[in-house]
Amino acid sequence: MSNTTRTQVAIVGGGPAGLMLSHLLHNAGIESVVIDNRTVEQIETTHRAGILERDSVRLLVDSGVSDRVLTDGHEHEGISLRFGGVSHRIDFQKLAGASCWLYPQTEVFIDLHRARTRDGGDVRYGVSDAEVTGVTDTPIVRFTDADGARQEITADLVVGADGSRSICRGLVADAHQYFREYPFAWFGVMVQAPPSAPELIYTRAPEGFALISQRTDTVQRMYFQCDPGENPDDWSDDRIWDQLHTRLSGEDGFRLKDGPVLERTVLPFRSFVQSPMRHGKLLLAGDAAHTVPPTGAKGLNLALADVRVLADVLERAITKDDDAALDTYTDRALSRVWKAQHFSYWMTTMLHNVDGASDFDEQRQLGELETLVASEAGSTYLAEGYTGWPLH
Ligand SMILES: Cc1cc2nc3c(=O)[nH]c(=O)nc-3n(C[C@H](O)[C@H](O)[C@H](O)COP(=O)(O)OP(=O)(O)OC[C@H]3O[C@@H](n4cnc5c(N)ncnc54)[C@H](O)[C@@H]3O)c2cc1C
């Protein structure tokens, strides 16, 4: 029994959702234990999201995780929408009075990991064979720790923050799964080159979508639409740059700055929501409960928004014996999730080409983009959605 730990909240998954929740619970005086099957080094070196909404930045800073985002991150006051070979700036500050921040998920992890370490948090990395039982009664999480010893956590409540391949999701009885697949994927590259632009460029071209993002003065992140079946190893640097240059070219003479490709991956994407997000003493957060196509930069932000609500609900349930608070979680979280699902779907379908689309479909898509950039109301909708709706 020496391998048994007792805590108030057991959290499966130490991504942004799990670590931020553990931090917020600590601020509220509630104990938690987090487990993650990856090592710190694996998480720190896996490139994923890069854009934080205004309120995600506030959450990191105001909750005491770190204010490094304000010094090391880059405030972006807009994006460019590029189509017909011309860029159109969407000015977030002018339209929505808000910005977003370029701050990679790897940095968010480093900040959260440091904050949990600083505050004496119990986070077990590199675990394996995790299983969760007793979610309607006495939750128990069993796993093998990084040294190979079998461990057990007993808790009042358990949170599944274990990402898009969640083992916790399946424990929610009678759940409904909403699902949409797309006939394309993103080819993502990390390249060694100077920035080509100060802000993100979302491009719709006859050859397909492309996104130009930034990381540092010497390394950039770029994506282009591809077939989900593509093998990244079949793509030489020249072939990748050929696709990117073609999609970004235009009458304004814009040209990407190129260089060696450091990393290449194919990212399939889909829209997914599971409801409810709670069953008995188990609650889901982040990608474990929902995933969005990356086009709207919402996944990481939704994970942080979920746990902000969840921390409040858990605090009321634990410190005020208010179990009814748990019942409110799904509706409170999903109201934002469905807004983000629509926004991500809309950005995706507006900017990507679908095989077999007719010339009518293509002209209609261009008509939508023209309307959007010409209309202050249309551009404001994009600016508000991209920088994030206020957290209530
Ligand atoms: C390649 C890629 C690019 C992306 N780009 C963007 C983007 O540009 N913008 C954006 O907003 N979002 C993006 N996303 C989405 C974003 O990264 C996720 O939405 C975000 O990480 C969700 O956070 P999370 O904590 O819910 O899940 P995760 O970050 O996936 O964390 C879950 C954690 O649980 C752990 N885990 C899983 N199973 C177990 C288990 N059985 N036992 C123990 N631990 C377990 C995992 O190791 C992981 O660390 C991208 C995702 C990917 C994969």
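**Exercise 1.** How many bridges join β12 to strand β15, and in which sense do the two run?

*Solution.* Keep in mind that we're working on a predicted model. Start by finding the two strands: β12 covers residues 176-192, and β15 covers residues 219-226. Next, look at the pairing: eight bridges link them, and they run antiparallel. For a concrete spot to check, go to Gly188, whose bridge partner in β15 is Tyr223.

**Exercise 2.** Work out which residues of β16 stand opposite Gly188 and Glu181.

*Solution.* First, the strands: β12 also pairs with β16 (residues 261-275), again in the antiparallel sense, over 13 bridges. Now take the residues one by one. Gly188 sits opposite Thr265, while Glu181 faces Arg270. So much for β16; recall that Gly188 also has Tyr223 as its bridge partner in β15.

**Exercise 3.** Place these strands in their sheet and name the edge strands.

*Solution.* Strands of a sheet pair through backbone hydrogen bonds, either parallel or antiparallel. Here, the order reads β6-β5-β13-β14-β15-β12-β16-β19, an open sheet of eight strands with mixed pairing. The edges are β6 (86-91) and β19 (290-291), since each pairs on one side only. Look inside the order and you'll find β12 between β15 and β16.

**Exercise 4.** Decide whether Cys168 and Cys226 are buried or exposed, then give the disulfide count.

*Solution.* The cut-off for buried is under 20% relative accessible area. Cys168 comes in at 0%, so that residue counts as buried. Cys226 has 9%, so it's buried too. As for disulfides, the count is zero, with the test being a pair of cysteine sulfur atoms within 2.5 Å.

How values were computed
Residues are numbered from 1 along each chain as its sequence is written. This is a predicted model: local features need pLDDT of at least 70, side-chain atom pairs count only at pLDDT 80 or more; totals for chains, interfaces and linings use all residues. Side-chain values use heavy atoms; hydrogens and water are left out. Buried means under 20% relative accessible area, exposed over 50%, partly exposed in between (1.4 Å probe, protein chains only). Two strands pair if DSSP finds at least two bridges between them. Helices (H or I, at least four residues) and strands (E, at least two) are DSSP runs, numbered from the N terminus.
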